[in-house]
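Trainee: I'm new to this one. Could you walk me through it, pockets and all?

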Amino acid sequence: DGFGLKLAGDFDATSAYELINTMKKLPENTVKIAIHTNGLKNTYPFGLDVFHRFMRSLRGQSPKIVFTGNWASQLE
């Protein structure tokens, strides 16, 4: 009922789109998504903006998404 995703490297716009597309491919009955951020080296404003726009578009219609790790607060 849940999935864990581990991010690594730099989080730029391409990474944001990859994460978004991966999340869209998860089964509709997914209850929880845990996104682990300790593997990130850097985050870039445009990548964060792309991801935050996607998250706002969900408006509570998504599984519970939990961010963990050193970069969690930037992706939330």
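Trainee: Which element gives the largest share of the lining of the second largest pocket?

Mentor: Keep in mind that this is a predicted model. Leu 5, Lys 6, Leu 7, Ala 8, Asp 10 and Phe 11 are among the residues that line the second largest pocket, and strand S1 spans 2–11. H1 also supplies at least two residues of that lining. Still, the largest share, 6 residues, comes from S1.

Trainee: How do the lining residues of that second largest pocket divide by class, and what is its volume?

Mentor: Leu 19 and Leu 40 are on the list of lining residues, and so are Glu 18 and Thr 22. By class, the lining has 6 nonpolar, 2 polar and 3 charged residues. As for the volume of this second largest pocket, that is about 150 Å³.

Trainee: And the largest pocket: which elements give two or more residues to its lining?

Mentor: That pocket has a volume of about 210 Å³. It is lined by 13 residues, and the closest to its centre are Met 23, Lys 24, Leu 26, Ser 62 and Pro 63. The elements giving two or more residues to the lining are helix H1 (13–25) and helix H2 (45–58).

Trainee: What classes do the residues of the lining of the largest pocket divide into?

Mentor: Pro 63 and Lys 24 both belong to the group closest to the centre of the largest pocket. Counting the lining of that pocket by class gives 8 nonpolar, 3 polar and 2 charged.

Trainee: On to the sheet. Which strands stand at its edges?

Mentor: The sheet is open, has 3 strands with parallel pairing, and follows the order S1-S2-S3. An edge strand here has a single partner, so one side of it is left without a neighbour in the sheet. That describes S1 and strand S3 (64–68).

Trainee: How many bridges join strand S2 to S3?

Mentor: Strand S2 covers residues 32–43 and runs parallel to S3. Ile 35, for example, stands opposite Phe 67 in S3. The bridges joining S2 to S3 number 5.

Trainee: At what angle does H2 run to S3?

Mentor: Take H1 as a warm-up: it packs on the sheet, touching S1, S2 and S3, and its direction makes about 170 degrees with that of S1. H2 lies across S1, S2 and S3 too. Its angle to S3 is about 155 degrees.

Trainee: Last one: which class of aromatic pair do Phe 11 and Phe 51 form?

Mentor: The model has 3 aromatic pairs. In this one the rings are 6.0 Å apart, centre to centre, with 90 degrees between the planes. Phe 11 is in strand S1 and Phe 51 in helix H2, 40 residues apart. Planes over 60 degrees apart count for the class, so this pair is edge-to-face.

Technical notes: Residues numbered from 1 in each chain as written. Predicted model: local features only at pLDDT ≥ 70, side-chain atom pairs only at ≥ 80, totals over all residues. Heavy atoms only, no water. 1 Å grid on protein atoms, 1.4 Å probe; cavity = no way out; pocket = protein on both sides within 12 Å on 5 of 7 lines; lining within 4 Å. Points joined across faces, edges and corners; volume = space filled by probe spheres on them. Helix = DSSP H or I, 4+ residues; strand = E, 2+ residues; numbered from the N terminus. Nonpolar A, V, L, I, M, F, W, Y, C, P; charged D, E, K, R; others polar. Pairing = 2+ DSSP bridges. Contact = heavy atoms within 4.5 Å. Axes fitted to C-alpha atoms, helices over the stretch in contact; angles between N-to-C directions. Phe/Tyr/Trp six-rings, centres within 6.5 Å; stacked < 30°, edge-to-face > 60°.
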